[in-house]
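Let's take a walk through this protein, starting with its cysteines and moving on to one strand and a residue in it. Keep the model open as you read.

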Amino acid sequence: MAEQAWTLWFTQLNRQDVARVGGKNASLGEMIGNLRGDGIRVPDGFATTAAAYRQFLAANQLGDPIRVHLEAYGKGQSTLAQTGAAIRRLIRHGQWPAELANAICVAYRELCARCGNEIAVAVRSSATAEDLPEASFAGQQETFLNVCGETELLDACRRCYASLFTDRAISYRQNQNFDHLQVALSIGVQKMVRSDLAGAGVMFSIDTETGFPGVVTIDAAWGLGENVVQGAVSPDNYTVFKPLLDQQHLTPILHKTLGSKEQKMIYARRAGHSTRNVPTAAHERNRFVLDDAEIVQLARWATVIERHYGTPMDMEWAKDGASGELFIVQARPETVQSRREAGVLKTFTLAEQGELLLTGLAIGEAIAAGPVQIIESASEIDRFRDGSILVTGMTDPDWVPIMKRAAGIITDHGGRTSHAAIVSRELGVAAVVGTGHGTTALENGQEVTLSCAEGDEGKIYAGRLDFTEAEVNLADLPQLRTRIMMNIASPAAAFRWWRLPCKGIGLARMEFIINSMIKAHPMALVDYDRLEDQKARQQIRELTRHYSDKCEYFIDQLAQGIATIAASQYPEPVIVRMSDFKTNEYADLIGGRQFEFTEENPMLGFRGASRYYNERYRRGFALECAALKRVRESIGLTNVIVMIPFCRTLDEADKVLAVMAENGLKRGEHGLEVYVMVEIPSNVILAEQFAARFDGFSIGSNDLTQLTLGVDRDSTILKTLFDERDPAVMGLISQAISSARKIGTKIGICGQAPSDYPDFAAFLVEEGIDSISLNPDSVIGVIRRLHEVETGLARGSGS
């Protein structure tokens, strides 16, 4: 047989050659042949063919012995481990047929000649069924790095052949009903990129957790990329927004997380080892592997590769420390999120009744069951057992790691806008908040069922009750005239809801980002040198240790949080409310007590707009403005609309707009729109005058109810009086909508009421509101109800 059958150069291959050289090598050839013109660099190399693998087995008469071992395993006569070890031993002891060894060595010499000297190569396995969308064999065979010389190369190739029968590969093929002997192995021999002198990693052209298609995610670590692939280190992570990558003047990096990068893999030249791991230096652990320009370059390459293949892609990249150049060393279709059905959500129904133990406010619409675990403080969260029902007094951002792992959450305190409610809602974890005495009424280990599927009252039943789950096809949802938007607080949860049929975000809460991501009081960063609290000084030093400027820490972290939320709905509008902490809430931030004062009623005190132009907070507000300016003008998310909360007077509105303009956020420049919350009766009474200063209104029904009825919304004893559906409140809302329509100003609502009460949402539609912003868990039900309302209105008008 001619040598041509044993080896093929990558330049001779394309994606139609999977049967000959496997998906990995076919893809390398496809990129070299088609994407070099787009600037994508792929290291040169060649592949052995499937025919070469079969020739190796035939020359060593291995087909029958392999079949015997596999049949014994199939009959239960040997274990998986015994079978794999026996077959690998057979292959490793095989001898190279002279013509096959010669073909590989001739190709290697040619590759060395092209590069000017004897080079180190990466030797990678590529199964002939690997990396097809229907069958992900990735990572089941071996890779050998820093292989140098013909003897080492032939040994590495033989070990690649043996790795077709690793235990995990045998098990996977069994589960997928692949015939073991019909799958062959090709070997890719590729010039090494000197990432041992720089870094390497993995990149996806889709969010791997949620399937959100608008981002590229990149993992990076120092040294050779195997540590990232194997999960041996905690890498840096970068998230880049794809739709803006074609605009060269922008840097659309949404988020960067510094990994610990505990070790790095480098070259080694000792017996039996071509690579070794060494600890990373402190300066390496404390800085990012890639700079912003390199992150953006890789992301642009990812979009080019994805566009060429027509599917989300899983790629490996490497940076050459000698030349400073970036390379793509592998690319294959992503096989998890891209195969999920995008238009499906789940609904839950309780199938039996049980003894009712507790009630509270239902968060979400799910049902969960499990053993109770009472955790009284964040210092005890290490005791939490996955899959338990978390029962506690209340939560804060320190609790989020175990909230993610809980089957359900029950709290004594808190309302629908509490931390527990917001986080559990966005994580998709069923929760019942404000039960009053869950921590005393329930016992550790007690089996309970938590139901949020029976209306706005959440119920906890004794025992594990049966319930059903049903899938909702979003494609079947009706189209509405009224714009449906979402309320989002947590950047970490923003991508989770991208499939919902919403047109933008009506409320992104800046204070949640500050509380969960930044943690420090803005003025404690601005005036760090004046900060007297030594513990707070130490905490801030730790938080900002990777920043030369403490104010930059605030701006950067806030910009990343806002950008992530804004990207999830781009190009639809995303309304970001400037910070609306009360003084007591600000005081709880790190270093905050020195910069706040005690108020008898913080709800009516120094909050919202009044802070922005006041010297006590003006420089803190400047940081908020700088973050928004970065999101809109550097990252490029011009769909962000700024919203001013709790603006009491027209004079106050003018002062706030003036301070924003001083800080680079001038209404009308670069398309900037500024909205104002309608949550104070003065906003309704003077709607026309406020409309002259702002581009839109957003009704805040919680505060408007509080101030109309004179009811403290946090008062337990008065909670029966707090009702957004009170005629006085509804009258003011009706007046606000009417005024806005009269003067042609956009008006929506972002308060809690439409999510809780479908009849209230129907009232808003009847009044002619432009948009309704809902909590994500209530979107489906409200859409269905509003379709009935809109249909009825259309019939009534004869249209």
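How many disulfides does the structure hold? Zero, in this predicted model. Just as a reminder, a disulfide is a covalent bond between the sulfur atoms of two cysteines. To count as one here, the two sulfur atoms must be within 2.5 Å. Here's how two of the cysteines work out:

| Cysteine | Nearest cysteine sulfur | Distance |
|---|---|---|
| Cys105 | Cys157 | 8.7 Å |
| Cys160 | Cys157 | 6.2 Å |

Neither Cys105 nor Cys160 is in a disulfide. What about their surroundings? Cys105 counts as buried because its relative accessibility is 6%, and the cut-off is under 20%. Cys160 is buried too, with a relative accessible area of 0%.

Now on to strand S8, which covers residues 236-241. S8 is mostly covered, with five of its six residues buried. It has partners as well: strand S7 (residues 215-222) pairs with S8 in the antiparallel sense, over six bridges. Strand S9 (residues 253-257) also runs antiparallel to S8, joined by four bridges. Have a look at Asn237, which is the bridge partner of Asp219 and also has Thr257 in S9 as a bridge partner.

Is Asp236, which sits in S8, buried or exposed? It's buried, with a relative accessible area of 0%. Its side chain makes a polar contact of 2.7 Å with the side chain of Lys261. Leaving out residues up to four places away in sequence, Asp236 touches several others, including Ile218, Asp219, Thr257, Arg287 and Phe288.

How values were computed: Residues numbered from 1 in each chain as written. Predicted model: local features only at pLDDT ≥ 70, side-chain atom pairs only at ≥ 80, totals over all residues. Heavy atoms only, no water. Helix = DSSP H or I, 4+ residues; strand = E, 2+ residues; numbered from the N terminus. Buried < 20%, exposed > 50% of the residue type's maximum accessible area, 1.4 Å probe, protein only. Polar contact = N/O pair within 3.5 Å; in protein donor to acceptor, adjacent residues only side chain to side chain. Contact = heavy atoms within 4.5 Å. Pairing = 2+ DSSP bridges.
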